[in-house]
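Here are my notes on the model you sent. They take one helix pair first, then the pockets, then the sheet.

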Amino acid sequence: MGQIQIIVEGMTASGKSTIVNLLSERLGFEVMPEEFRDPLDLLSRFHHEKEKWAFPMQLNFLSTRFGQYLCASEGDNYILDRSIFGDKVYATLYYRSGYFRDSQFGCYLTLYDSLLRYVKKPKLFILVRCRFDEIMRRIHSRGRQDEIDAGESYWRSLYDAYMPFLDFVKSEFQSDVTFYELELSNPDFINTPSMVNKFLEDVKSYFPERKFPSD
């Protein structure tokens, strides 16, 4: 079995997909994109009836992301846009918010812990940070109605839930995990060559044995 090269994590609208696409286009990594929809449109249903749909939605996300993780682990060139670790952040938030019953959260954790035994840590975690006001601007700018309807208080609670993400992942593996934190509040990042090039050089330094397209 190979090893996932990079996992890019961060809350909604933080800039994850921008970074994933950049790493793919400039450094030649292969993308295993985030899958967050399904034929039942559970995410949209959740935003309108949270107590009813939170549990089936998170079970669907967990199983989907675990499958992606295993597929990406078959090679040595994949990066992931989010992972099962981010999924647990959401599930824990929903439990604390009252959208999961105790029995449902217990079921979720049992499944999560069982799946975690088959997960090998990636070579690098990139955690994307972004100011809350900029996240809200992006959510409204891209105009996805279910995200807008979720309301600012929901996004604030998710923002706070992501703050201790580094410590959370370290505890999951019970060992050192290589992290890179990227502040992406600046909307001009992707159009500023000096910022982009510095980031790419930083990432390359974590893979000294790897040959990149630009080398």
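1. Helix pair. The axes of α4 and α9 come within 11 Å and cross at roughly 115°. The crossing of these two helices, α4 and α9, is right-handed. On the α4 side the contact is made by Phe85, Gly86, Lys88 and Val89, and on the α9 side by Phe165, Phe168, Val169, Glu172 and Phe173. Sorted by class, the contact of α4 with α9 has 6 nonpolar, 1 polar and 2 charged residues. Please keep in mind that this is a predicted model.

2. Second largest pocket. The same two helices matter for this point: α4 and α9 (165–173) each supply at least two residues of the lining of the second largest pocket. The volume of this pocket is about 190 Å³. Its lining consists of Lys88, Val89, Thr92, Leu93, Arg96, Ala161, Pro164, Phe165 and Phe168. Lys88, Val89, Phe165 and Phe168 are thus listed both in this lining and in the helix contact. With 5 residues, α4 gives the most to the lining. By class, the lining divides into 6 nonpolar, 1 polar and 2 charged residues.

3. Largest pocket. Here the volume is about 690 Å³. The lining has 36 residues, and Thr12, Ala13, Lys16, Arg142 and Arg144 lie nearest the centre of the pocket. Two or more residues come from each of α1 (16–27), α2 (42–48), α3 (50–72), α4 (84–96), α6 (132–142) and α8 (152–162). The largest share, 5 residues, is that of α1. The lining residues of the largest pocket comprise 17 nonpolar, 9 polar and 10 charged.

4. Sheet. How are the strands ordered in the open sheet? The 5 strands follow the order β2-β3-β1-β4-β5, with parallel pairing. β2 (30–32) and β5 (179–183) are the edge strands, each pairing on one side only. From one strand to the next, the twist averages 25°.

5. One strand pair in detail. β1 (residues 6–9) and β3 (residues 78–81) run parallel and are joined by 3 bridges. Within this pair, Ile7 has Leu80 of β3 as its bridge partner.

6. Helix on the sheet. α1, which gives the largest share of the lining of the largest pocket, also lies across β1, β2, β3, β4 (124–129) and β5. The helix α1 runs at about 165° to β3.

Note on methods:
Residues are numbered from 1 along each chain as its sequence is written. This is a predicted model: local features need pLDDT of at least 70, side-chain atom pairs count only at pLDDT 80 or more; totals for chains, interfaces and linings use all residues. Side-chain values use heavy atoms; hydrogens and water are left out. On a 1 Å grid over the protein atoms alone, a cavity is a set of points where a 1.4 Å probe fits but cannot get out, and a pocket is an open set with protein on both sides within 12 Å along at least five of seven lines; lining residues have an atom within 4 Å of a point. Grid points are joined across faces, edges and corners, and a volume is the space filled by probe spheres set on the points. Helices (H or I, at least four residues) and strands (E, at least two) are DSSP runs, numbered from the N terminus. Ala, Val, Leu, Ile, Met, Phe, Trp, Tyr, Cys and Pro count as nonpolar, Asp, Glu, Lys and Arg as charged, and the others, Gly among them, as polar. Axes are lines fitted to C-alpha atoms, for helices over the stretch in contact, and angles run from 0 to 180 degrees between N-to-C directions. A crossing is left-handed if the near helix is turned anticlockwise from the far one by less than a right angle, and right-handed if clockwise. Contact means heavy atoms within 4.5 Å. Two strands pair if DSSP finds at least two bridges between them.
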